[in-house]
Amino acid sequence: MALHPNNQLLVDTLQNTALLDGRYRDIKLVNYDSAADEQRGCFSMVFKAFDTWDQKHVALKFYDLHPARLTDRYRRAAFTREPDILSTLMTVERCLQLNSAMSQYPLTVPKIGITIPCDYFAVEWIDDEIDPYFLQQQSFTPVDKLRLFNEIVLAVEVLHNHEVFHRDLKPDNMRSYNSALKRVVVAIDLGTAARMDSNPMALDYGSQVGAPAYAAPEAIGGMSAVRKIAKYCDYYALGCLLFELFNIELFYVAVRRKNATYDAVTAALCSHLRSIEHEKRLQEWNSNLNAFGSGIAPVSISEPGNSTPSGVSYILDSILTTLTDFDYRKRQNKSLDWVRRQVWSAIKVLNNQKAYDSRAEHARKMKRLRAEKALAREAKAAIRGIK
């Protein structure tokens with residue numbers, strides 16, 4: 001649907017502003033596609049701008065001015081928390097960098113002379129999206145895709161090392177840049193992120209935090225306020241991303257196709273939490289996992305239509321099964337360092353296979369050349385014999 005008039009006024013005003021806050025120029029809305037009438041993200045209006053102070057492009061994130069958003073306490077609190085979390089990651093490599101803290105822009109409404117205080121902050125601008133790796137898989141080699149996945153895991157691992165949990169990992173929320181001939185991935189849009197010491201914005205969540213397609217069972221179960229398991233929700237999303245690098249189908253679809261009762265099991269687990277006090281919900285979830293969760297079958301990396309090389313499918317299956325286990329307690333048995341070591345094992349196998357194939361092809365080529373030379377000699381000898 002079209003932008004709400006409040007947001008359209010903000011867009012028109014900013015895009016016609018020569019210099020915002022004495023430093024930002026060339027402001028352009030980037031998270032709304034007018035042709036497709038689609039907006040990316042549900043917390044912010046995102047603008048690309050040039051920072052004349054630091055002489056670089058930045059992303060300006062304004063809180064959405066739709067009336068329904070303005071009265072949404074959770075979204076407002078999440079928007080406010082994002083720059084606070086980013087401020088704890090300043091100078092940390094592989095983490096999105098905060099460019100300026102929360103500010104307010106007074107948006108004047110024409111004719112009636114009132115102003116709307118618009119909250120916004122700025123973060124670094126990172127150009128390259130990683131969506132093509134998922135949408136155009138045939139354009140990338142298996143090694144290319146595994147190297148990218150290793151970078152994605154590194155980005156999440158750094159966040160976790162600083163006790164930050166993203167909780168909305170998906171291709172849209174990743175960007176990359178090249179540094180010393182190496183691709184570096186950064187997780188962006190920390191609107192739903194939380195720190196270990198962040199106070200829950202709500203004790204009862206009606207749905208998961210983040211995108212449904214990448215949400216872990218416990219997140220769907222409404223336990224996003226439980227910080228002890230937030231890390232393993234990110235693990236689950238990483239598993240979904242690994243699957244989708246080698247399969248056209250979403251993991252969300254694949255796991256439900258293989259387990260017709262998946263949503264019923266999750267609903268049964270959720271129902272047992274409704275009357276339980278917040279402090280005891282994790283214990284209740286754990287006790288019921290034993291009864292309900294064991295019947296969920298794992299999804300293979302080599303589902304129909306996949307592009308997984310057969311020589312590494314067993315390695316990638318071990319990673320996928322671990323990261324997407326229905327029971328988060330089994331996910332926590334492995335570290336992200338273990339995940340990356342497995343990924344590099346797969347890369348090594350593929351590189352060795354490539355080297356072997358190259359040597360074998362060279363040997364075949366040399367054999368053909370020798371055979372062709374032998375035939376040529378025989379032909380010459382035959383001609384001389386005739387003469």
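A cavity is a set of grid points where a 1.4 Å probe fits but cannot get out. The structure examined here is a predicted model, and it holds 2 cavities of 30 Å³ or more. The largest cavity contains about 130 Å³ of space. Its lining comprises 18 residues, and those closest to the centre are R167, D168, V209, A219 and C233. Helix α7 provides the largest share of this lining, with 4 residues. Sorted by class, the lining of the largest cavity consists of 13 nonpolar, 2 polar and 3 charged residues.

The second largest cavity has a volume of about 30 Å³. Its walls are formed by P212, A213, A215, Y236, C240, F251, Y252, V255 and R256. Two or more of these lining residues come from each of α7 and α8. The largest share, 4 residues, belongs to α8. In terms of class, the lining of the second largest cavity has 8 nonpolar residues, no polar residues and 1 charged residue.

Helix α8 spans residues 251-258, and F251, A254, V255 and R256 within this helix are buried. The cover over the buried residues of α8 includes α6 (217-220), α7 (230-246), α9 (262-271) and α11 (313-323). Helix α7 therefore appears in two roles, since it is among the elements that cover α8 and also gives residues to the lining of the second largest cavity.Open space was also examined. The second largest pocket has a volume of about 280 Å³. Of the 19 residues that line this pocket, G293, I296, D325, F326 and D327 lie nearest its centre. At least two lining residues are supplied by each of α8, α10 (281-292) and α12 (328-331). The lining of the second largest pocket is made up of 10 nonpolar, 5 polar and 4 charged residues.

The strands were considered next. Strands of a sheet pair through backbone hydrogen bonds, either parallel or antiparallel. Strand β4 covers residues 44-51, and 7 of its 8 residues are buried, so this strand is largely enclosed by the rest of the structure. Strand β1 (residues 24-29) is joined to β4 by 4 bridges, and the two strands run antiparallel. Within this pairing, R25 has F50 of β4 as its bridge partner. Strand β4 also pairs with strand β5 (residues 56-63), again in the antiparallel sense, over 8 bridges. In this second pairing, S44 stands opposite Y63 of β5. Strands β4 and β5 form a hairpin with 4 residues between them, and Q55 in the turn has a positive phi of about 55 degrees.

A further set of strands forms an open sheet of 3 strands, in the order β8-β10-β11, with antiparallel pairing. Strands β8 (128-129) and β11 (182-187) occupy the edges, and each has a single partner strand, so one side of each is left without a neighbour in the sheet. Strand β8 is joined to strand β10 (residues 174-179) by 2 bridges, and these strands run antiparallel. In this pairing, D128 stands opposite S176 of β10.

The cysteines were then searched for bonds. A disulfide is a covalent bond between the sulfur atoms of two cysteines. The search of the whole structure finds 0 disulfides. For assignment as a disulfide, the two cysteine sulfur atoms must lie within 2.5 Å. The sulfur of C95 is 19 Å from the closest cysteine sulfur, that of C233, and this is too far for a bond. Residue C270 is likewise in no disulfide, as the nearest cysteine sulfur, which belongs to C233, is 12 Å away. With a relative accessibility of 3%, C95 counts as buried. Residue C233 is also one of the residues closest to the centre of the largest cavity.

Finally, one residue of a further helix was considered. Residue A379 is placed in helix α13, which spans residues 336-386. Its relative accessible area is 40%, and A379 is therefore classed as partly exposed. Residues A379 and I152 are 227 residues apart in sequence, and their C-alpha atoms are 60 Å apart in space.

Note on methods: Residues are numbered from 1 along each chain as its sequence is written. This is a predicted model: local features need pLDDT of at least 70, side-chain atom pairs count only at pLDDT 80 or more; totals for chains, interfaces and linings use all residues. Side-chain values use heavy atoms; hydrogens and water are left out. Buried means under 20% relative accessible area, exposed over 50%, partly exposed in between (1.4 Å probe, protein chains only). Contact means heavy atoms within 4.5 Å. Two strands pair if DSSP finds at least two bridges between them. On a 1 Å grid over the protein atoms alone, a cavity is a set of points where a 1.4 Å probe fits but cannot get out, and a pocket is an open set with protein on both sides within 12 Å along at least five of seven lines; lining residues have an atom within 4 Å of a point. Grid points are joined across faces, edges and corners, and a volume is the space filled by probe spheres set on the points. Ala, Val, Leu, Ile, Met, Phe, Trp, Tyr, Cys and Pro count as nonpolar, Asp, Glu, Lys and Arg as charged, and the others, Gly among them, as polar.
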